[in-house]
Amino acid sequence: MVQLLMLFIRATREVNWELHLSTVRSMLPWFFACDRVHYSRYLPVYWLEMKNLRDSQPDVHEKLSKGEFIVQRQDQYGFSQIPCDQTIEQTCNRDTKAKGGLTGFTLNRGAVHRWILSSHERAAITKECHVMAGKFAQSRKKDLDRTRSCKDELKSTQSQSWLLLEA
């Protein structure tokens, strides 16, 4: 299962549509075995539609084969493409989140409708506030922080000494 997951991530990062479809197909039995109802129900339909795309929608198939199913937000890091839905989660949806979300927000349908329709404006305001505060200027990978590196190094040496004691 780990190898399948790694291949799936590789397909995205390398912009390989055929590998993407192949790994989706290989994952199907696992979703049934692990009782993942929604994936078991909808993933076979997705896979079949994507496999038949060459015949049904050749122009869309050509674009997906060329890699138009991923987004690269940063040019300075190679191998960093991510799926479109993940990009939306990390940008638009993150900026529009409210404490507690829609749960307990209101029972008024009109208010919910206005809240959803104004989400892009709230996201733009949030982004502008972050820029003014200089929050985006320090945007770095958390895995590359000095504290994280020291912590990982410590855990690595601890696990190596544990292995030596086992031997």
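What follows is a friendly set of questions and answers about this predicted model.

Reader: Let me start with the inside of the protein. Which element gives the most residues to the largest nonpolar core?

Author: That core has 14 residues, and W17, L21, L43, M50, L64 and F69 touch the most other members. The elements that give two or more residues to it are α2 and α3. With six residues, the one that gives the most is α2.

Reader: L64 is on that list, so which residues is L64 in contact with, beyond its neighbours within four places in sequence?

Author: L64 belongs to the core residues that touch the most other members, and W17, M50 and F69 are also in that group. Setting aside neighbours within four places in sequence, the contacts of L64 are W17, M50, L53 and F69.

Reader: Now a histidine that caught my eye. Is H61 buried or exposed?

Author: H61 is part of helix α5, which covers residues 58-65. Leaving out neighbours within four places in sequence, H61 has W17, E18, L53 and R54 as contacts. Its relative accessible area is 10%, and because buried means under 20%, H61 counts as buried.

Reader: Two of those contacts carry charges. What is the distance between the closest N and O atoms of E18 and R54?

Author: Side chains of opposite charge can pair when their charged atoms come close. Here E18 and R54 form a salt bridge, with their closest N and O atoms 3.9 Å apart. E18 lies in helix α2 and R54 in helix α4 (residues 53-56), so this pair ties together parts that are 36 residues apart in sequence. The distance asked for, between the closest N and O atoms, is 3.9 Å.

Reader: How exposed is E18 itself, as a relative accessible area?

Author: E18 pairs with R54 in a salt bridge, and E18 is also a contact of H61. E18 counts as partly exposed, because its relative accessible area is 39%.

Reader: How many salt bridges does a search of the whole structure find?

Author: One of them joins E18 and R54. Another links R10 with E14, where the closest N and O atoms are 3.1 Å apart. K66 and E62 form a salt bridge too, with their closest N and O atoms 3.1 Å apart. For the whole structure, the number of salt bridges found is three.

Reader: In the pair of K66 and E62, which residue counts as exposed?

Author: E62 has a relative accessible area of 44%, which makes it partly exposed. The relative accessibility of K66 is 61%, and exposed means over 50%. The exposed residue is therefore K66.

Reader: And for the pair of R10 and E14, what is the relative accessible area of R10?

Author: E14 is partly exposed, with a relative accessible area of 39%. R10, its salt-bridge partner, is partly exposed as well, and the relative accessible area of R10 is 41%.

Reader: Let me ask about cysteines. How many disulfides are found in the whole structure?

Author: A disulfide is a covalent bond between the sulfur atoms of two cysteines. C34 is partly exposed at 44% relative accessible area, and C150 is partly exposed at 47%. The search of the whole structure nevertheless gives a disulfide count of zero.

Reader: Which residues form the nonpolar patch on the surface?

Author: One member, L5, sits in helix α1, residues 2-13. L5 counts as partly exposed, because its relative accessibility is 46%. Together the patch has about 390 Å² of accessible area, and its members are V2, L5, M6 and I9.

Reader: I also noticed an unusual backbone angle. What is the phi of D35?

Author: D35 lies in the loop between α2 and α3. At 59% relative accessibility, D35 counts as exposed. Its phi is positive although the residue is not a glycine, with a value near 60 degrees.

Reader: What phi does V15 have?

Author: V15 is partly exposed, with 22% relative accessible area. Like a glycine it is not, yet V15 has a positive phi of about 55 degrees.

Reader: Last one: what separates the C-alpha atoms of P44 and M27?

Author: P44 is located in helix α3, residues 37-51. Apart from neighbours within four places in sequence, P44 is in contact with L28, F32 and Y39. P44 and M27 are 17 residues apart along the chain, and the separation of their C-alpha atoms is 10.0 Å.

Methods:
Residues are numbered from 1 along each chain as its sequence is written. This is a predicted model: local features need pLDDT of at least 70, side-chain atom pairs count only at pLDDT 80 or more; totals for chains, interfaces and linings use all residues. Side-chain values use heavy atoms; hydrogens and water are left out. A disulfide is a pair of cysteine sulfur atoms within 2.5 Å. Buried means under 20% relative accessible area, exposed over 50%, partly exposed in between (1.4 Å probe, protein chains only). Helices (H or I, at least four residues) and strands (E, at least two) are DSSP runs, numbered from the N terminus. Contact means heavy atoms within 4.5 Å. Patches are made of residues with over 30% relative accessible area and no salt bridge: like charges are joined within 9 Å, nonpolar side chains (Val, Leu, Ile, Met, Phe, Trp, Tyr) within 5 Å. Accessible areas come from the Shrake-Rupley method with a 1.4 Å probe; for residues, only the protein chains shown count as cover. A salt bridge is a side-chain nitrogen of Lys or Arg within 4 Å of a carboxyl oxygen of Asp or Glu. A nonpolar core is a set of buried Ala, Val, Leu, Ile, Met, Phe, Trp, Tyr and Cys residues joined through side-chain atoms within 4.5 Å.
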